[in-house]
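Okay, thanks for making time, everyone. Let me put the structure up and then talk you through a few bits of it.

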Amino acid sequence: MSVQRGLGPASVTERRREFEAALGRTAEARSQEAGVALERASLWRDALYRFAANRAALVASLAFLVALGYAYITPWVDSADPYFVDFSEQYRPLSWAHPFGTDQFGRDLFVRNALGARVSIEIGFAATLAIMGVGILYGAISGFLGGWVDNVMMRFLDALYGLPYLPFAILTIVVLGGQATFWTMVVALTVASWFTTARVMRGQMITLKENDYVRAAQALGARWYRIVFWHLLPNTLGLIIVFVFLELPGVILGEAFLSFIGLGINPPKASLGSLAQDGYAAFQTHPYMIAIPSLAIGWLILSAFFIADGLRDALDPRTRG
Amino acid sequence: MALLEVEDLHTYFKTRAGEVHAVDGVSFSLERGKTLGIVGESGCGKSVTALSIMGLVPPPGRVVSGRALFEGQDLLQRKSRELEDIRGREIAMIFQDPMTSLNPTLTIGMQITETLRRHLKLTRDEARKRAVELLEEVRIPNAAQRLRDYPHRYSGGMRQRVMIAIALSCNPKLLIADEPTTALDVTVQAGVLALLRELREEHDMAMIMITHDMGVVAETSDEVIVMYAGQVVEQAGTFELFDSPEHPYTEALLAALPQIEGEDVRHSRLASIPGRPPDLISPPPACRFADRCVYASLEDSCTRVLPELRELRPGHFVRTAHPASERAAAPVGS
Amino acid sequence: MLKFVVRRALWTIPVILLVIFLTFVMMREIKGNPFRVTERAVPASIQRNLERKFHLDQPWYVQYGYYVKGVFTFDLGPSLTQRNQTVNDVIKEHFPVSLRLGLLAMIWAILIGIPLGVISALKQNTIVDYLSMTFVNAGYTLPNFFIATMLIYFFSVKWRGWTGLPTNGWDNGLDGWRTWILPAVALGHAPMTYFARIVRGSILETLQQDYIRTAKAKGLRWRRIVGLHVLRNSLIPAVTAAAPLLGFLIAGSFIVETIFSIPGIGRYFVNSVTGRDYSVTMGITVLLSIIIIVANLLVDIAYGFLDPRTRDPRT
């Protein structure tokens, strides 16, 4: 069964004329169309808005700030001396005077944990920034230059993926002198974990490289490093920020592991990991000594993870309306 | 008794911004062997209507009220287990994008036979044989070998044919086709529509053809419903609708068709309808087309009160305060 | 398909060589390393063995060559601190223990992790989902050593009366199975949470796909849709996710073996580092690297089998 399409030419044309003549009258309709353009806010404000709307991310950010506050403010205001050895106060359980108890030397753990948190956080950020630096450099160069350079660099990276993370970090520490200081830790953790960042940055570079403004810059004679650093990198800033919070947990955990094994910061300075190691010796009778630094580590990691999640959702162009 | 009778269907989606009234009071009836076309622009609720009938509305959507009587029984009141028996067997549905509608990790043969074995309780061999017949019916060459292939070895048009084959495999009484040709090339489109027509006649199957393309409607349907912003705004037999559309929106849709013949061909531009459909979260209690309507003005009642769907002529229903036949007297835009 | 497998397998060789090279270079840089001819930190008899074994009087690339040959002929040199023990001996003695521990941990992770992920996904946003996800999140954010010690604290100390589980030690014999439980759970906990999350995410994504809607429209029973359509497509990414787990297991094993006093190569590795037995360190590093590389290869091949799209060349 088929239906005649359309009708006599005359009536249809008539209608069309009528309609087109009346187009001018739908002013309201037209202004509605114009309104669509006004809705596009700037990228960053938009992202901030979305981030704030994400409850989990907000709670996580708050939690992270609380942790930072604890780590940095407590030793400042609390009068207990973390290095004061007093055997009479040994192994005190949680109390008002010692909210986190004391350790085997009678040292107040509330402040010690705060200081330990400081060290862990600082190592964490330092290593993460270093990872970003190395990873971005490697990935950007590889992605931008492309061709056989990219190929070789990526094959090399693939090979590096075959290295076990922890043993390699340990080896690095040993190579650097066997004693872990702040900076050897940072280097060791960086060396063992920069691969993923490099790979992702390279992917980004390759995608962005195809953009027209890059061609324009090249046409104007800009050198490649200028293009990379001035044009391409700022556009991946969002991704970089997300990655900082994604890598942070891994680094903090890595530091904790290394310290626990005994390759950590030397006493009397402490990190959360080395505090856990101290606590381990007495865990059967005084579980709080290991529980508290571990929970602190978990707190930092969990909040960093949800912040990263929230940032990723906020900045992801695909999920934007 | 009509095969399918939908009465005052309301389907809403609960979102963070509010409750979206995707389908707001849709009714129609469909007789055995007939084809109903549902036309409208994207987002007007035509797909959601079909999904509501099938019980496939994805969360956060749900059918809020209404009835969908299939052979006298209300589908919306049935439990999922009962619906599972009806779907694929009595009512089948095919979807818009054939590239993603088939499971990429199962063979085509498997995806056809599983339906047959589920509903018709065929043995494996019987099902295989029937599957080959089905593929031949939809004109897939080398049917027997093709059964063992995976979807990625089929082109878009072929995949849609497979979808049709699967849908028809248990001889359903009703086929709901949701934009089946939208994702296909124009030439392939013609082939698929022709196939549907043939199969419909052969199996005496009723069909609901959902599309935004007036041409497809003209070619396939006996009766047409025009939907806008979740409501039915016009309903008539196809011929009648194309010959004397009443609703301003229908007129605009028809006017937007590219003209191939007629005296104004060289001079006319493609007309589009400026503006956008209203926000369906708290829809205004007025005619939803009012702000895009060429004939509405602020003093009219239709900007305050929703017009009823009234029967202007036998079998021709309109929901507007300015139907074409009542307009002819007054000059436009006065 | 075969071409794919062969090509992929061949690629592992240069990778292994590179890894050995890197390890070798790093080892040479360590102060007090007897590979450097000038340092004399080791008893004379062993030093002589070393010189013979590693050709320390030759230029470094020759040394490297000999070492590589050693690796491929399964000869990793003598231990530096244990007399009359070669690295091979050490590995032979301790590796099976770690292997068993790792396998048990993996089994635990799969047995608990996958069903947990499936249930969470199917009952998304219900109390079941929230509870299991909280459990899972707690699992991977709390460090391994904490989980291990807490397990010991509760199951071996406080509730010892009921469970009868020992606090540490490892009996490799079959009736020593009691000693395997806690370490396997402790080691497998992090991978378990990983699986749970990946499976859950994968299933949630699959449920959104059009072909699931098609399956529903065909009137298939929900049980079948989940069991066949959903699981088959969701578990594939989960399988490939298993590869990085090996890294988890290795890192975790260091801690778990130390805490439970398990004589595995993880603990031995740590001891060799602090005890300066560097040929053992090097040997174990190389061994672990090879294991990881081979595991990655196997996963890639498995993925090729599971996803028919990678098997066919583009038509």
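I'll begin with one whole chain, then move to a strand and a helix.

One thing up front: this is a predicted model. So, chain A. What does chain A have in the way of helices and strands? It has 14 helices and zero strands, and if you read along the sequence you just get α after α. The chain has 321 residues, and 40% of them count as buried. Now take the contacts in chain A with a separation of 6 or more: 69% of those are between residues 24 or more positions apart.

Okay, over to chain B and strand β6, residues 91-94. In a regular strand, side chains alternate between the two faces of the sheet. So which residues sit on each side here? B:Ile91 and B:Met93 are on one side, B:Ala92 and B:Ile94 are on the other, and all of them are buried, so both faces are covered. For a partner, β6(B) has strand β7 of chain B, residues 174-178; the two run parallel and four bridges join them. Look across from B:Met93 and you'll find B:Ile176 in β7(B).

Last stop, helix α9 of chain C, residues 210-217. Its buried residues are C:Tyr211, C:Thr214, C:Ala215, C:Lys216 and C:Ala217; yes, there's a lysine on that list. What do they pack against? From chain B, that's α1 (46-54) and our friend β6, and from chain C it's α10 (222-260). After α9(C) comes C:Gly219, with a positive phi near 80°.

That's my tour, thanks!

Note on methods. Residues are numbered from 1 along each chain as its sequence is written. Chains are lettered from A and ligands numbered from 1 in the order in which they are written. This is a predicted model: local features need pLDDT of at least 70, side-chain atom pairs count only at pLDDT 80 or more; totals for chains, interfaces and linings use all residues. A residue is buried if 20 or more other C-beta atoms lie within 10 Å of its own, exposed if 12 or fewer, and partly exposed in between; C-beta atoms are placed from the backbone. Two strands pair if DSSP finds at least two bridges between them. Two residues are in contact if their C-beta atoms, placed from the backbone, lie within 7 Å.
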